[in-house]
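Subject: Structure for your review

Dear colleague,

Please find below the structure that I am handing over to you, with its sequence. My notes on what was found in it follow directly after.

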Amino acid sequence: MKNASPNFKYISSAENGKYKGWQKLITRKYRERERCFLVEGELLIMDAVLSGAELKELIVRDGADLNSELLANDIGTVACYSLSDNLFDSLSQTEHGRDAIGVFAIPDGEVSDWGEGDIVVLDRLQDPGNVGTIIRTSDAAGVAGIITIKGTVDSYSPKVVRAAAGSIFRVPIAEAENASELKAMLDKLNAKPVAIDPRASKEYFDMPEYERLAIIVGNEGGGISKEMLNLSEMNLVIPMREGIESLNAAMAFGIVIYERVRRKCKKD
């Protein structure tokens with residue numbers, strides 16, 4: 001697919017209103033207002049489209065040759081634009097640059113639409129790599145959805161989207177303001193909260209056999225808040241040899257969620 005197609009509108013000025021709007025999507029505030037986010041790279045855009053994500057606009061580097069029949073066939077009536085090199089590079093958030101950027105709609109995050117499976121709760125995690133890895137691991141483990149507590153890094157920021165790879169389009173994500181709102185969401189989902197806490201007395205092997213768990217993962221530095229610990233029905237520790245303070249948040253989550261997967265596989 002060459003951007004020489006007449007379907008592509010060429011933009012060469014940084015003062016163009018459409019271009020200014022895309023630049024604003026780099027910021028969380030504007031993403032939340034417009035309910036849109038940017039996805040870089042042809043493969044990731046293709047993955048998003050195949051996963052059912054709503055592609056609103058396609059942006060390509062002028063002169064790029066995107067050799068993808070699949071993408072060409074799937075963009076349908078989506079508005080397409082080509083940018084000069086300097087404008088595209090200014091919009092791109094990757095070190096080595098890509099030749100395509102998709103503008104996608106952020107899903108509404110309504111938990112009542114979630115299917116079966118456990119829930120993940122992210123309590124004020126700040127590292128985009130951790131959050132992206134947890135989203136990817138959740139996808140692999142069959143998690144039904146993720147709830148982020150206010151103060152968690154934006155799940156649709158460029159760094160999280162890259163770290164999560166295509167999983168960001170397959171795992172639904174919602175946000176809760178506080179413990180009270182989280183409890184209401186978990187009650188609606190019939191999910192029982194448990195927390196991964198290095199100060200807990202129960203080991204993760206002893207996690208309860210509830211039909212659906214909500215596994216709470218805490219902030220990288222401060223851990224899980226008091227409010228979340230009070231909400232939790234059981235706090236779980238991952239045993240480690242003496243002298244080790246704690247595991248990376250994403251790794252700790254991976255260990256616990258795959259204990260759940262192991263148990264389910266054993267039952268089957």
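R31 is buried, with a relative accessibility of 3%. Please bear in mind throughout that this is a predicted model. R31 belongs to helix α2, which covers residues 28–34. The side chain of this arginine comes to 3.5 Å from the backbone oxygen of Y156. Beyond the neighbours within four places in sequence, the contacts of R31 are L25, I26, C36, F37, I106, D154, Y156, S157 and P158.

Aromatic pairs

Two of the residues that R31 contacts, F37 and Y156, also belong to an aromatic cluster, together with F104 and F169. Across the whole structure, the search gives six aromatic pairs. One of them joins F104 and F169: the ring centres are 5.8 Å apart and the planes stand at 45 degrees, so this pair is tilted. F104 is in strand β5 (residues 100–105), while F169 is in the loop between α7 (158–164) and β8 (173–176), so the pair ties together parts that lie 65 residues apart in sequence. Both F104 and F169 are buried.

A further pair is made by Y204 and F205, whose ring centres are 4.4 Å apart with planes at 35 degrees, so it is tilted as well. Y204 is buried, at 12% relative accessible area, whereas F205 is partly exposed, at 42%.

The seven-stranded sheet

An open sheet holds seven strands with parallel pairing, in the order β8-β7-β6-β11-β9-β12-β10. Its edges are β8 and β10, each of which pairs on one side only. Within the sheet, β9 and β11 run parallel and are joined by four bridges; here A195 has I216 of β11 as its bridge partner. Helix α6 packs on this sheet and touches β6, β7, β8 and β11, with its direction at about 175 degrees to that of β6. Helix α8 (residues 179–189) also packs on the sheet, where it touches β6, β7, β8, β9 and β11, and its direction makes about 140 degrees with that of β8.

β6 and β7 are parallel too, again with four bridges between them, and L122 stands opposite T148 of β7. How many of the residues of β7 are buried? Five of the five are, so this strand is largely enclosed by the rest of the structure. In a regular strand, side chains alternate between the two faces of the sheet. In β7, G145, I147 and I149 point one way and I146 and T148 the other, and all of these are buried.

Residues around β9

A195 is located in strand β9 and is buried, with a relative accessible area of 0%. The C-alpha atom of A195 is 8.3 Å from that of A214, a residue 19 positions away along the chain. Leaving out neighbours within four places in sequence, A195 contacts I216, I224, L229, S232, M234, N235 and L236.

D197 is in the loop between β9 (192–196) and β10 (202–203). Is this aspartate buried or exposed? At 6% relative accessibility, D197 is buried. With neighbours within four places again set aside, D197 contacts L229, N235, L236 and V237. L229, N235 and L236 thus appear in the contacts of A195 and also in those of D197.

Helix α6

Helix α6 runs over residues 128–141 and has 14 residues; from its first C-alpha to its last it reaches 20 Å, close to the 20 Å expected at 1.5 Å a residue. At the N-terminal end, D127 acts as a cap, with a side-chain oxygen 2.8 Å from the backbone nitrogen of G129. Just after the helix, G142 adopts a positive phi of about 80 degrees.

The buried residues of α6 are P128, N130, V131, G132, I134, I135, T137, S138 and A141. Among the elements that cover them are strands β6 (119–123), β7 (145–149), β8 and β11 (213–218), along with helices α7 and α10 (249–267). Of these, β6, β7, β8 and β11 are strands that α6 touches where it packs on the sheet.

With kind regards

Notes: Residues numbered from 1 in each chain as written. Predicted model: local features only at pLDDT ≥ 70, side-chain atom pairs only at ≥ 80, totals over all residues. Heavy atoms only, no water. Phe/Tyr/Trp six-rings, centres within 6.5 Å; stacked < 30°, edge-to-face > 60°. Helix = DSSP H or I, 4+ residues; strand = E, 2+ residues; numbered from the N terminus. Buried < 20%, exposed > 50% of the residue type's maximum accessible area, 1.4 Å probe, protein only. Polar contact = N/O pair within 3.5 Å; in protein donor to acceptor, adjacent residues only side chain to side chain. Contact = heavy atoms within 4.5 Å. Expected span 1.5 Å × (residues − 1). Pairing = 2+ DSSP bridges. Axes fitted to C-alpha atoms, helices over the stretch in contact; angles between N-to-C directions.
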